[in-house]
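Colleague: Please take me closely through one part of this model. Start at a single residue and work outward from there.

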Amino acid sequence: MPKTSARLLSLLSLLQARRDWPGALLAQRLDISPRTVRRDVDRLRELGYPVVATKGPDGGYRLDAGAELPPLLFDDEQAVALAVALQVAATTGADLGEAAARALATVRQVMPARLRHRVDTLRITAVEPPATRPEPQVDGAVLVALSAAVQAREVLRFDYASPGDPDDDGTRPPRRAQPHHLITRGGRWYLVAWDLDREDWRTFRADRITPRVPTGPRFTPRDLPGGEVATFVTGRFRGSDGSGDWPCRGEVILDLPAAAVSRHTRDGVVEELGPDRCRLVLGSWSWPGLAAAVGRFDADFEVVGPAELGDACAHLARRYADAALPGRRRG
């Protein structure tokens, strides 16, 4: 009996790992006969697992979706990964904190003692950067609706709240867009879509979306600018023209060691020129913003180029000098 039970667990684990399994391959992996595979599949069905037979030259099996959720099988790594994911769910910007805590408690109850101990010692405290106002939470039902429209490739109709817009009185017609990707960035959720009314790509904040039903007709997806969603979204948040790069990029020579500069540069290029001297190539959304980013290193520097960066440094120098003079503050 223990051998049979262990074999059933191994069979269940294999069926969860991929969608379709040829019967002969299952028999080979478990080192049993195809007849024993059929008997074990029948045992799993009796336990409530919806294993269906697949037709074809080889024939095989698939763990299908059922009306009820049978007991699940996780290996050690999957169990730890699940515990981590559930503990950080509250920091993703989705309103899932309470549900995630209940799910973790449910999973923990059915874990063996050795795994329960590992999960209990895995306590994660997510520290978010301070904000002037709480980050908006997205209803889980909205995320499901947006994701379903993306997967079904159906035109999404939705109301979009625009805080601070005096013309947004709630009577506007719904927006219409072809949803392409649902993404999370910096604790917020966004929908990347082709806006049918504005005939352009848009990135909508999910917490401002109220989907309408039913959805619209199916569509053929367009190609995203840049080819990949990560490139497109990064470019949009940088304010670029679609290339994915910063619209403003300049080069300076800093009187600091390269190692010290590299620690505080996320996507810049740092080149060592000497013990206390380095070259820095950095990007920003504007020339004054780039000049200010260089100034935060609190070191002497030389502008290599372009001229716009030098002009921005001079502009900020005058502004800061004026701000430092008594009586020059505007009333």
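Modeller: Let us start with Arg-277. In this predicted model, Arg-277 is partly exposed, with a relative accessible area of 33%. What does its side chain meet? Arg-277 forms a salt bridge with Glu-302, and the N to O distance is 3.9 Å. This pair ties together distant parts of the chain, 25 residues apart. Arg-277 belongs to strand β11 (residues 277–284), and Glu-302 belongs to strand β12 (residues 301–305). Glu-302 is also partly exposed, at 43% relative accessibility. Both values fall between the cut-offs of 20% and 50%, so neither residue counts as buried or as exposed.

Now look inward. The largest nonpolar core has 18 residues. Which of them have the most contacts inside it? They are Val-252, Leu-254, Val-261, Leu-280, Ala-291, Phe-297 and Leu-309. Several elements each supply at least two residues of this core: β9 (248–254), α9 (258–262), β11, α10 (287–295) and α11 (307–324). Strand β11 is on that list, and β11 is also where Arg-277 sits. In soluble globular proteins, nonpolar side chains tend to be buried together.

Take Leu-254 as a guide. Set aside its neighbours within four places in sequence. Leu-254 then touches Arg-277, along with Asp-276, Cys-278 and Leu-280. Leu-254 also meets Val-261, Val-294, Phe-297, Ala-299, Asp-300 and Phe-301. Another core lies apart from the largest one and has 16 residues, including Val-150, Leu-156, Trp-189 and Leu-191.

Move on to the end of β12. Gly-305 and Pro-306 are joined by a cis peptide bond, with omega about 0 degrees. Pro-306 sits in the loop between β12 and α11. Helix α11 is one of the elements that supply the largest core. There is another cis bond to find, between Val-213 and Pro-214, again with omega about 0 degrees. Pro-214 lies in the loop between β8 (209–212) and α8 (229–238).

Follow that loop to α8. Which residues of α8 are buried? Phe-232, Val-233, Gly-235 and Arg-238 are. Against what do they pack? The buried residues of α8 pack against β5 (175–185), β6 and β7.

Strands β6 (188–195) and β7 (200–205) have a loop between them, and Glu-199 is found there. Glu-199 has a positive phi, near 50 degrees, though Glu-199 is not a glycine. Glu-199 is exposed, at 60% relative accessibility. Asp-31 also has a positive phi, of about 60 degrees, without being a glycine. Asp-31 lies in the loop between α2 (23–30) and α3. Asp-31 is exposed, at 71% relative accessibility.

Back to charged pairs. The model has 14 salt bridges. One of them joins Asp-195 to Arg-198, with the closest N and O atoms 3.5 Å apart. Here the partners sit in unlike surroundings: Asp-195 is buried, at 0% relative accessible area, whereas Arg-198 is partly exposed, at 43%.

Compare the pair of Arg-7 and Asp-40. Their side chains meet in a salt bridge at 2.5 Å, N to O. Arg-7 is in helix α1 (residues 2–17), Asp-40 is in helix α3 (residues 34–46), and the two are 33 residues apart. Are these residues buried or exposed? Arg-7 is buried, at 16%. Asp-40 is buried too, at 0%. The cut-off for buried is under 20%, so both qualify. Arg-43 joins Arg-7 and Asp-40 in a network of salt bridges.

One helix pair is worth a stop as well. Helix α4 (residues 76–87) packs with helix α6 (residues 113–120) at an angle of about 35 degrees, and their axes are 10 Å apart. Their crossing is right-handed. On the α4 side, Asp-76, Ala-79, Val-80, Ala-83 and Gln-87 make the contact. They meet Arg-114, Leu-115, Arg-118 and Val-119 in α6. By class, that contact has five nonpolar, one polar and three charged residues. An α-helix has 3.6 residues a turn, so residues three or four places apart point the same way.

To return to the start: Arg-277 pairs with Glu-302 through a salt bridge, and Arg-277 is also in contact with Leu-254, a residue of the largest nonpolar core.

Notes: Residues are numbered from 1 along each chain as its sequence is written. This is a predicted model: local features need pLDDT of at least 70, side-chain atom pairs count only at pLDDT 80 or more; totals for chains, interfaces and linings use all residues. Side-chain values use heavy atoms; hydrogens and water are left out. A salt bridge is a side-chain nitrogen of Lys or Arg within 4 Å of a carboxyl oxygen of Asp or Glu. Helices (H or I, at least four residues) and strands (E, at least two) are DSSP runs, numbered from the N terminus. Buried means under 20% relative accessible area, exposed over 50%, partly exposed in between (1.4 Å probe, protein chains only). Axes are lines fitted to C-alpha atoms, for helices over the stretch in contact, and angles run from 0 to 180 degrees between N-to-C directions. A crossing is left-handed if the near helix is turned anticlockwise from the far one by less than a right angle, and right-handed if clockwise. Contact means heavy atoms within 4.5 Å. Ala, Val, Leu, Ile, Met, Phe, Trp, Tyr, Cys and Pro count as nonpolar, Asp, Glu, Lys and Arg as charged, and the others, Gly among them, as polar. A nonpolar core is a set of buried Ala, Val, Leu, Ile, Met, Phe, Trp, Tyr and Cys residues joined through side-chain atoms within 4.5 Å.
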